[in-house]
Amino acid sequence: MASTASFQQTKEQQRAKAAWADVQAVDRKSADVKRKYRGLVLKLPVMILTNGLGQTLAFLKSKGKGDANDPHEIVYAHLQNWLFREIHWLGANQPTLIERIFNTTSETYRQATTEALSYLHWLRRFAEAVLPEPEEE
């Protein structure tokens, strides 16, 4: 009888697997989207630490303007998918991450921030490995 414990993945493995899939999806997009996505994920951890998760998500939404092909919206969607999966949102029924962030407890907000930073660690690594460098601005 096989043990199910041997098939369990660590949280780091799960983050890495999801981040790899997200970066692979971006790698099928245009060169411009790839460069902008890479540049953005490299900056996001500092933005979160400086401004907070809520303001960083608001920044992504304001720059993305609802365009599903915009790198800001793509990163927002990646964070939303991961945090919806990993955070236990007590009583949350809001359909978007930013609404949940603005309506959650301070404890859950801190947990979401920590998880977002951990996930971005993997996104950054894979983006650096796979996607082209952003052009000089």
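These exercises on helices, salt bridges, the nonpolar core and backbone angles come with worked solutions.

The model is predicted, so local features need pLDDT of at least 70 and side-chain atom pairs count only at pLDDT 80 or more, while totals for chains, interfaces and linings use all residues. Residues are numbered from 1 along each chain as its sequence is written, and side-chain values use heavy atoms, with hydrogens and water left out.

**Exercise 1. Describe helix α2: its span, its kink and its packing.**

Step 1. Helices are DSSP runs of H or I with at least four residues, and strands are runs of E with at least two, numbered from the N terminus. Helix α2 covers residues 31–51, which is 21 residues.

Step 2. The expected span is 1.5 Å times one less than the number of residues. For α2 this gives 30 Å, and the distance from the first C-alpha to the last is close to that, at 29 Å.

Step 3. Look for a bend, taken as the angle between axes fitted to the seven residues ending at a position and the seven starting there. Leu44 carries a kink of about 35°, shortly before the proline Pro45.

Step 4. Sort by burial: buried is under 20% relative accessible area, exposed is over 50%, and partly exposed is in between (1.4 Å probe, protein chains only). Among the buried residues of α2 are Val33, Tyr37, Leu40, Leu44, Pro45 and Ile48.

Step 5. The buried residues of α2 pack against α1 (11–27), α3 (53–64), α4 (71–86) and α6 (106–130).

**Exercise 2. Compare the surroundings of three salt bridges.**

Step 1. Side chains of opposite charge can pair when their charged atoms come close. The criterion is a side-chain nitrogen of Lys or Arg within 4 Å of a carboxyl oxygen of Asp or Glu. The structure holds 8 such salt bridges.

Step 2. Lys11 and Glu86 pair at 2.3 Å, N to O. Because Lys11 lies in helix α1 and Glu86 in helix α4, this pair ties together parts that are 75 residues apart in sequence. Lys11 is partly exposed at 36%, whereas Glu86 is buried at 17%. Both belong to a salt-bridge network that also includes Arg85.

Step 3. Lys34 pairs with Asp27, with the closest N and O atoms 3.5 Å apart. Here Lys34 is buried at 18%, and Asp27 is partly exposed at 27%.

Step 4. Lys36 and Asp32 meet at 3.2 Å, N to O. They are 4 residues apart in helix α2, so about one helical turn separates them. Lys36 is partly exposed at 47%, as is Asp32 at 42%.

**Exercise 3. Find the residues that touch the most other members of the largest nonpolar core, then trace the contacts of Tyr37.**

Step 1. A nonpolar core is a set of buried Ala, Val, Leu, Ile, Met, Phe, Trp, Tyr and Cys residues joined through side-chain atoms within 4.5 Å. The largest one has 34 residues, and Tyr37, Leu57 and Leu79 touch the most other members.

Step 2. At least two residues of this core come from each of α1, α2, α3, α4, α5 (97–102) and α6.

Step 3. Contact means heavy atoms within 4.5 Å. Setting aside neighbours within four places in sequence, Tyr37 is in contact with Val23, Val26, Pro71, Ile74, Val75, His78, Leu123 and Leu131.

**Exercise 4. Examine the positive phi values at Gly52 and Lys65.**

Step 1. Gly52, just after α2, has a positive phi of about 100°.

Step 2. Most residues other than glycine have a negative phi. Lys65 nevertheless has a positive phi, near 50°.

Step 3. Lys65 lies in the loop between α3 and α4 and is exposed, at 70% relative accessible area.
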